Amino acid sequence: QVQLVESGGGLVQPGGSLRLSCAASGSIRSINTMAWYRQGPGNQRELVASITSGGITNYADSVRDRFTISRDNAKNTVYLQMNSLKPEDTADYYCYSNIRNRYVASDYWGQGTQVTVSS
């Protein structure tokens, strides 16, 4: 079994910063792509940022130059540094990982962490 545990969400004022973390644990042989998605009120879940095992990153246009995704392979952890936050960044943020155990690679999701940007 694999678990993804997120932390770091909360309430922040516009222009502020937050750092999300997501740690994977369990039967892990290797981790391929890790990513953050978000789902705001009344919206579909959308990709925020992703990072491959080799460190190649991809960002949604709406967060490029404000958010930074990174990973610590030794800790099986992915981070999302969010700066210059805007009210429209308010959403539930979900961690995603494609993880290989001894036999197969599968997709896993965290439980979600809420980010609210408001004055």
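**Strand 9 and its neighbours**

In strand 10, alanine 105 is the bridge partner of arginine 100.

Me: Which strand forms a hairpin with strand 9, and how many residues lie between them?
Reply: Keep in mind that this is a predicted model. Strand 9 pairs with strand 10 (residues 105-109) in the antiparallel sense, over five bridges. One pair brings together arginine 100 and alanine 105. The hairpin partner is strand 10, and the number of residues between the two is four.

Me: Over how many bridges do strand 4 and strand 9 pair?
Reply: Strand 4 covers residues 30-39, and its pairing with strand 9 is antiparallel. Glutamine 39 has aspartate 92 in strand 9 as its bridge partner. The number of bridges between strand 4 and strand 9 is eight.

Me: Which residue in strand 11 stands opposite aspartate 92?
Reply: Strand 11 (residues 113-117) runs antiparallel to strand 9, and three bridges join them. Opposite aspartate 92 stands glutamine 114.

Me: How many of the 10 residues of strand 9 are buried?
Reply: Buried here means under 20% relative accessible area. Strand 9 spans residues 91-100 and is largely enclosed by the rest of the structure, because its buried residues number eight.

Me: Which strands stand at the edges of the open sheet?
Reply: Four strands make up this antiparallel open sheet, in the order 1-3-8-7. An edge strand has a single partner strand, so one side is left without a neighbour in the sheet. Those at the edges are strand 1 (2-7) and strand 7 (67-72).

Me: Which residue in strand 3 stands opposite valine 5?
Reply: Strand 1 and strand 3 (residues 18-26) run antiparallel, joined by six bridges. Opposite valine 5 in strand 3 is alanine 23.

Note on methods: Residues numbered from 1 in each chain as written. Predicted model: local features only at pLDDT ≥ 70, side-chain atom pairs only at ≥ 80, totals over all residues. Heavy atoms only, no water. Buried < 20%, exposed > 50% of the residue type's maximum accessible area, 1.4 Å probe, protein only. Pairing = 2+ DSSP bridges.
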